[in-house]
Amino acid sequence: MLSQDSNDDTEDVSLFDAEEETTNRPRKSKIRHPVASFFHLFFRVSAIIVYLLCELLSSSFIACMVTIILLLSCDFWAVKNVTGRLMVGLRWWNHIDEDGKSHWVFESRKASPQENKTVSEAESRIFWLGLIACPILWVIFAFSALFSFRVKWLAVVIMGVVLQGANLYGYIRCKVGSRKNLTSMATSYLGKQFLKQNTGNEQTS
């Protein structure tokens, strides 16, 4: 669970360790970071495949569990520290100040006309699709393991939910902003849906 304080609002910063291309090429769907895009999906998809096929691949529960945990750990590190920064210009991290207090920082690259022209729509789709779809699958696996009484697998699927859910939450915070912005967006969306429904009912009546 991510702890937060008043200093963890999203910061619009230029990521200091990323070499950005600032040419005047038009916006394209070309994948500019194929290696990062590959590993963004490789570890998380591999963990899911091993989980689904573990009983066919090996009779050892320990071997399967260790393999899945290693893949999930590699995925967490790669997505948090590499692929988010390169593919969508977002990063979240934690630092300890001189007083020993923990601070969570959610960063987004400052938008400029030149950088917007080099954004890859294909990479953005790959990033968000993998980031959202895989945690949903782990949640489904968790309910499946619970209701089928596969208790020994609960620890594995819960780790999948926690690690990939943490990255999902972190990058949503980077994209949307502070928790207040996230709440206001949800409230605005629900309000629009409620108003649309009421308007439709009045027209039909």
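These legends accompany close-up views of aromatic rings in a predicted model.

**View 1. Phe38 and Phe42, a stacked pair in helix H1.** The ring-pairing rule gives 15 aromatic pairs for this model. In the one shown here, the ring centres of Phe38 and Phe42 are 5.3 Å apart and the planes meet at 25°, so the pair is stacked, the cut-off being under 30 degrees. Both residues belong to helix H1 (residues 34–57), where a spacing of four residues separates them by about one helical turn. Have a look at the surroundings too: Phe38 is partly exposed, with a relative accessible area of 47%, and Phe42 is also partly exposed, at 35%.

**View 2. Phe76 and Trp92, an edge-to-face pair.** Here the centres of the two rings lie 6.2 Å apart with the planes at 75°, so Phe76 and Trp92 count as edge-to-face. Phe76 comes from helix H2 (residues 61–87) and Trp92 from strand E2 (residues 90–96), so this pair ties together parts that are 16 residues apart in sequence. Trp92 is buried, with a relative accessibility of 2%. The ring of Trp92 has another partner to look for: the charged end of Lys80 sits over it, 5.0 Å from the ring centre.

**View 3. Arg173 over the ring of Phe106.** In this close-up, the charged end of Arg173 is placed over the Phe106 ring, at 4.4 Å from its centre.

**View 4. An aromatic cluster.** To finish, Tyr51, Phe61, Trp138, Phe141 and Trp153 come together as one aromatic cluster.

Technical notes: Residues are numbered from 1 along each chain as its sequence is written. This is a predicted model: local features need pLDDT of at least 70, side-chain atom pairs count only at pLDDT 80 or more; totals for chains, interfaces and linings use all residues. Side-chain values use heavy atoms; hydrogens and water are left out. Rings of Phe, Tyr and Trp (its six-membered ring) pair if their centres lie within 6.5 Å; planes under 30 degrees apart count as stacked, over 60 as edge-to-face and the rest as tilted. Helices (H or I, at least four residues) and strands (E, at least two) are DSSP runs, numbered from the N terminus. Buried means under 20% relative accessible area, exposed over 50%, partly exposed in between (1.4 Å probe, protein chains only). A charge sits over a ring if NZ of Lys or CZ of Arg is within 6 Å of the ring centre and within 35 degrees of the ring normal.
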